[in-house]
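Reader: I would like to learn how to read salt bridges and strand pairing in a model. Please take me through one.

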Amino acid sequence: MSMPTHYQTLGLPEGAGIDEVRAACNKALQHFIQQQRTGAPLPMEDFEALQAARAEIGDPRRKARYDQELAARRASGDGNRTTPALFSGATTIAPAAKPAPSQNADEVSEHRFQFTGSGGEYFRIWITNLLYTLLTLGMYSAWAKVRREQYFHRNTLLDGSGFDYHGNPVAILKGRMLAGLLLVIYSSSQRFFPWPVYTGVLLLALPLLPWLVQRSLVFRARNSSYRGLRFDFHGSYRTACATLLPYALCTIFMLWSAHMVAETEVEPEYTPQSLRFQIAEDMTQTNHQETTPPILLAQQEPWETGADDGARKSVDELAGILAKARQEEGAKESARKKLPSPDPKYAIMMLLSILLLSLCTPWFLYSINRFRLNHLAFAHARFRSHIRVGAFYRIAIIAGLMPTLSMTLVAILFSVSAAAIGAGRFSAVFISIFLLSGALLYLGIFSGQAYTQSQLNNEIWNETELEKYHFSSDQSFQDLLLILAGNFLLTLLTLGLYWPWAKVRLARYRADHLALLAPSGALDEFAGQNSTDDRAIGEEIADAFDFDIAL
Amino acid sequence: MSSSSPCVAVYFDGQSSRRHPVELAAEAGVLQVAGLAEIRRVPLAAIRVSEPQGRAPRTLRFGDGAYCEVEQGEALLDLLDALGYRESGVVRLQGRWRWSVMALAMVVMLLAAGYQWGLPWGAKQIAPRIPVSTMAQLSDGVLETLDKHMLSPSSLSPGRQQDLQRGFQRLAESDPELAAYGARLQLLFRRAKRVRGASGIGPNAFALPGGQVVLLDELVALKDISDDEILAVLAHELGHVRQRHGMQQLIQSSVAAAVTAAYLGDVSIAVSGLAALALESAYSRDMEREADAYAAATLLRLNANPEDLASALEKLEAFYAGKEKSAKEEEPGKYTGWLDSHPDTRERVMRIRRQHGGK
């Protein structure tokens, strides 16, 4: 009843080395092909078992885990060492010795994603990309993006086959230039035009946002492939509008009422200084997409593909809103003293819009994820997601509590230490408290981030299916917290040089904790887009019309 | 079959996700794919070989959407060799650690050189090309905001204002280049606003890119400062206007902020913001020196004494030193020399005296 171990499949002793495993795989595969050519083909199941063995014990990290599992299984007395080998030496296959394949055909097995990249390799690609981008004054960045995407796609394997990325650098460069142009128009209209004109420009440009989002989702999907079949995205511009515009309007309303309130405030908020940071922030947002993992693994962070800057920004915005609200409190305080008080009408409007925004942010995250998943397709197979809006609210509330908790702790720490030390004596004690509270604040922020990412990811993938096959995601909050905090610290300490390793570490974790649940061989059953569909969605069309936008 | 060890691969036809185990061989520059219904032969020219990407399988793509996925290894390398395939230059470089270290060194050098020379040079080229009207628009907006939030009307007597205004006109008229700024080239009198009890900006004067020079009452009221010294400070500010430092600064700091944000931005916006601030204030040192030199030249042209600028700087320095000292006692660690935008005043004073001490 139990399956043969991968070692048995290859006819190797348990614990054989990686090189032996690979050699045995190749030999067995050659034999399989020979049989096929001589007209006595072996069943496909043999090939699948072979590929599974290669994926599992042909990779050092996986092999180590598999060996451990085997040892544990044997310790519990469940080892079935009597099952005959499938390939007992590549030349002597007895058809009778095979386990009945039909029994296993419907049995759902777990196909884990696998990431084979390493930090060192990616560092070499990254530094070369960086140098060429500098030398070409940024032009090479589109080619750099393709190299990077290809590295992350091709090193992501599912059931032994890699993903691939086909983005055309010229199309990406065009998209980047368009994005840059929009950015310049946006920031200069903010700087040079009075508020009403600027708002007007913003409102006029609003229909552009869903278009950009939809185009970039299409571009990304159509340029990703697995086993020679492309992904596709069927979401229409109209659906994109319906998904994005309510939130965008809500945000604009909030900003407007905040502006009306600020009009009568004493806070200096429009100095060249703040202008500079605005530019810096804008640039960060453009850059944010830099290393998105392959298409399926990219979905965890709803704000990361850059498709929905509104959604991603909403988290930052919440922090900003809090700061604004605090400013607002200060303003009220001073208003009570003597300054011209802000129009209460606007203040109420602002508070209401902030409330509305915070209330609907999880809902917005939910609907944008539904939008991107429910319109995603692999060849002819559609993705369907049954994500629940309640889960998004639960995650947002818990994740929001973490930074709040750490801020409260810091506040308590400060007030207690201020009382204990008293005025006049600072130095070492003060500095250590300062550092401690800094660490606490960062811990709070990272906890919130790690919780959101891991839980959203699990929710999204556990509730999504591809035709009749399900996914399973089991990221844990603690693991991700360690990874995120460690990556941040090491990147900071190495002045950014750790960055490639950090990216690889995260990509590996994501791959290790995502699996497709399908009967073995089911992944062979997908039909291509060209066979029955005459809408020729070829590479050329995608390249000619699509822009890859990272706003 | 000419190649020694056969190379096994998985073939995909581009129509379905089905895997076909195949064997690859090279024969006179033509790839043979065996294991399908019939042997497929593809010349090297029609194959797109993917770059090696670590341990990721490599792909050999044929024009019709079909491709082979091959494990990276000796068998494949032998096959590609037999086909006559050469890796691209970038790939050969990427594979070597020595190159990576070199690339890293070059990146660091390029960034340092770009920051040290390229950026100021570029900003200097661009700043004069920005129309005065644009700078005026920018300045008007900034001034409006400053007036709203940080400055209040001057309380100097009209007579005192007129005296200073006359001196300013003399300075301005001595340089025909400044005529381009038109009516915006003016001296404005303001007082620093006290924000919630804290003293505002303190004794200061500053220039906006559009030509407005703002003089704060606090500077005029500084202990022992003479009108000549005030005019020397104004000449220094005119130097900033004339050399378009404001615009240059804005360009430089925007680019520096953009680059640091692009590099560190993913780590933390706060960190990159701080880094940009530190980079940016280092720039203004050179500009201060340039403005000093301009002021000294202007003063000489008008038969005034550059020493006035030196002594004005010393008085300002003395004021801020006293303030800093008391501030340090209140809040240690808040002031650091690096973030100080008027650094090494003593050095500037000495430079002015060294160059114009004879006078």
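Author: We can start with the salt bridges. The model is a predicted one, and over all chains the count comes to 33 salt bridges.

Reader: What has to hold for a pair to enter that count?

Author: A side-chain nitrogen of Lys or Arg must lie within 4 Å of a carboxyl oxygen of Asp or Glu. D159(A) and R19(B) qualify, with their closest N and O atoms 3.7 Å apart.

Reader: Where do D159(A) and R19(B) sit?

Author: This pair crosses between chains. D159(A) is in the loop between strand 2 (156-158) and strand 3 (161-165) of chain A, while R19(B) is in the loop between strand 1 (7-12) and strand 2 (20-27) of chain B.

Reader: Are D159(A) and R19(B) buried or exposed?

Author: The cut-off for buried is under 20% relative accessible area. D159(A) counts as buried because its relative accessibility is 13%. R19(B) is also buried, at 1% relative accessibility.

Reader: How do I read a salt bridge inside one chain?

Author: Check the sequence separation and the elements involved. E307(B) and R353(B) form a salt bridge whose closest N and O atoms are 2.8 Å apart. The pair links distant parts of the chain, 46 residues apart: E307(B) belongs to helix 10 (residues 307-330) of chain B and R353(B) to helix 11 (residues 345-356) of chain B. Both residues are partly exposed, E307(B) with a relative accessible area of 29% and R353(B) at 30% relative accessibility.

Reader: Which residue does E314(B) form a salt bridge with?

Author: Its partner is R353(B), and the closest N and O atoms of the two are 3.1 Å apart. E314(B) lies in helix 10 of chain B and R353(B) in helix 11 of chain B, so this salt bridge ties together parts that are 39 residues apart in sequence. E314(B) counts as partly exposed, at 38% relative accessibility.

Reader: Which residues are joined into one network by salt bridges that share partners?

Author: The network consists of D159(A), R227(A), D524(A) and R19(B).

Reader: Now the strands. In what order do they close into a barrel?

Author: In chain A, 10 strands close into a barrel in the order 1-2-3-4-5-6-7-8-9-10, with antiparallel pairing. From one strand to the next, the twist averages 30°.

Reader: How many bridges join strand 5 to strand 6 of chain A?

Author: There are 3 bridges between strand 5 (residues 229-233) and strand 6 (residues 376-378) of chain A, and these strands run antiparallel. To find a bridge partner on the structure, take F231(A): its partner in strand 6 of chain A is F378(A).

Definitions and conventions: Residues are numbered from 1 along each chain as its sequence is written. Chains are lettered from A and ligands numbered from 1 in the order in which they are written. This is a predicted model: local features need pLDDT of at least 70, side-chain atom pairs count only at pLDDT 80 or more; totals for chains, interfaces and linings use all residues. Side-chain values use heavy atoms; hydrogens and water are left out. Two strands pair if DSSP finds at least two bridges between them. Helices (H or I, at least four residues) and strands (E, at least two) are DSSP runs, numbered from the N terminus. Axes are lines fitted to C-alpha atoms, for helices over the stretch in contact, and angles run from 0 to 180 degrees between N-to-C directions. Buried means under 20% relative accessible area, exposed over 50%, partly exposed in between (1.4 Å probe, protein chains only).
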